[in-house]
Amino acid sequence: MRFTRIRLENWKNFLEVDVPLQRRVFVVGPNASGKSNLLDAFRFLRDVADPEGGLQRAVQTKRGGVSQLRSLHARRYPNVAVDVGVDLENGLEWNYRLEFKQDNRGRPIVQRELVRHGTRVIRDRPDDEDKKDTTRLTQTHMEQVSANKEFRQLTAFFSRIKYLHIVPQLVRDPKRS
């Protein structure tokens, strides 16, 4: 199981970035170039999929709200989006897109949640039920056990994401660890 690509829109210091991912990826660059912000998008997906987390906790508690996540350059387009491709080693690629903005009370609100398996669309929100009850858009279907049955293996994959900050000196000289 692995990520095959990540696309971010208005995420922290990225107005837009689309990165194809190989089996092994090294993220290198100068200080303050966005390495940690890129990696935080993966942790964000984990936090959304976490049964004790969800969208509200992932945005509000862990990242200080939508205004802290949204790129300062995103003046005309207020939505923040994380869009990933995932290969779960069964032949068909999964795609998950979560797009959100904040409402008048500062809460993150789902603007679009799209789950595809190959060419088949599993979930595309907001749907008619969401339009009748907009409070539903305060949660993703990713975080709802009753709604994610068809793509629960993707949710499980996201919830197992771990972030290890490896000290470069240990990579160069493993004997030091």
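These questions and answers cover His141 and several salt bridges in a predicted model.

Student: Which loop holds His141?
Tutor: Look at the helices on either side of His141. One is α4, residues 128-132, and the other is α5, residues 152-159. His141 sits in the loop between α4 and α5.

Student: Is His141 buried or exposed?
Tutor: The cut-off for buried is under 20% relative accessible area. His141 has 7% relative accessibility, so His141 counts as buried.

Student: Which side chain makes a polar contact with the side chain of His141?
Tutor: Start with the residues His141 touches, leaving out those up to four places away in sequence. Among them are Glu113, Arg125, Phe151 and Arg123. The polar contact has a distance of 2.8 Å. The partner side chain is that of Arg123.

Student: How many salt bridges does the count come to?
Tutor: The rule needs a side-chain nitrogen of Lys or Arg within 4 Å of a carboxyl oxygen of Asp or Glu. By this rule the count is 22.

Student: Where do Arg43 and Asp40 both lie?
Tutor: Arg43 and Asp40 form a salt bridge, with the closest N and O atoms 3.3 Å apart. In sequence they are 3 residues apart, about one turn of the helix. Both lie in helix α1, residues 35-49.

Student: Is Arg43 buried or exposed?
Tutor: Its salt-bridge partner, Asp40, counts as buried at 5% relative accessibility. For Arg43 the relative accessible area is 17%. The limit for buried is under 20%. Therefore Arg43 is buried.

Student: What is the N to O distance in the salt bridge of Asp47 and Arg46?
Tutor: Take the burial of each partner before the distance. Asp47 is buried, at 5% relative accessibility. Arg46 is partly exposed, because its relative accessible area is 21%. Their side chains meet in a salt bridge, N to O, at 3.2 Å.

Student: Which residue forms a salt bridge with Glu99?
Tutor: Glu99 is buried, with a relative accessible area of 9%. The partner is buried too: Arg97 has a relative accessible area of 11%. The closest N and O atoms are 2.9 Å apart, and the partner of Glu99 is Arg97.

Student: Which residues are linked with Arg97 and Glu99 in a network of salt bridges?
Tutor: Arg97 and Glu99 form a salt bridge with each other. Both also belong to a network of salt bridges. The other residues linked in that network are Arg5, Arg7, Glu9, Glu16, Asp18 and Asp83.

Technical notes
Residues numbered from 1 in each chain as written. Predicted model: local features only at pLDDT ≥ 70, side-chain atom pairs only at ≥ 80, totals over all residues. Heavy atoms only, no water. Helix = DSSP H or I, 4+ residues; strand = E, 2+ residues; numbered from the N terminus. Buried < 20%, exposed > 50% of the residue type's maximum accessible area, 1.4 Å probe, protein only. Polar contact = N/O pair within 3.5 Å; in protein donor to acceptor, adjacent residues only side chain to side chain. Contact = heavy atoms within 4.5 Å.
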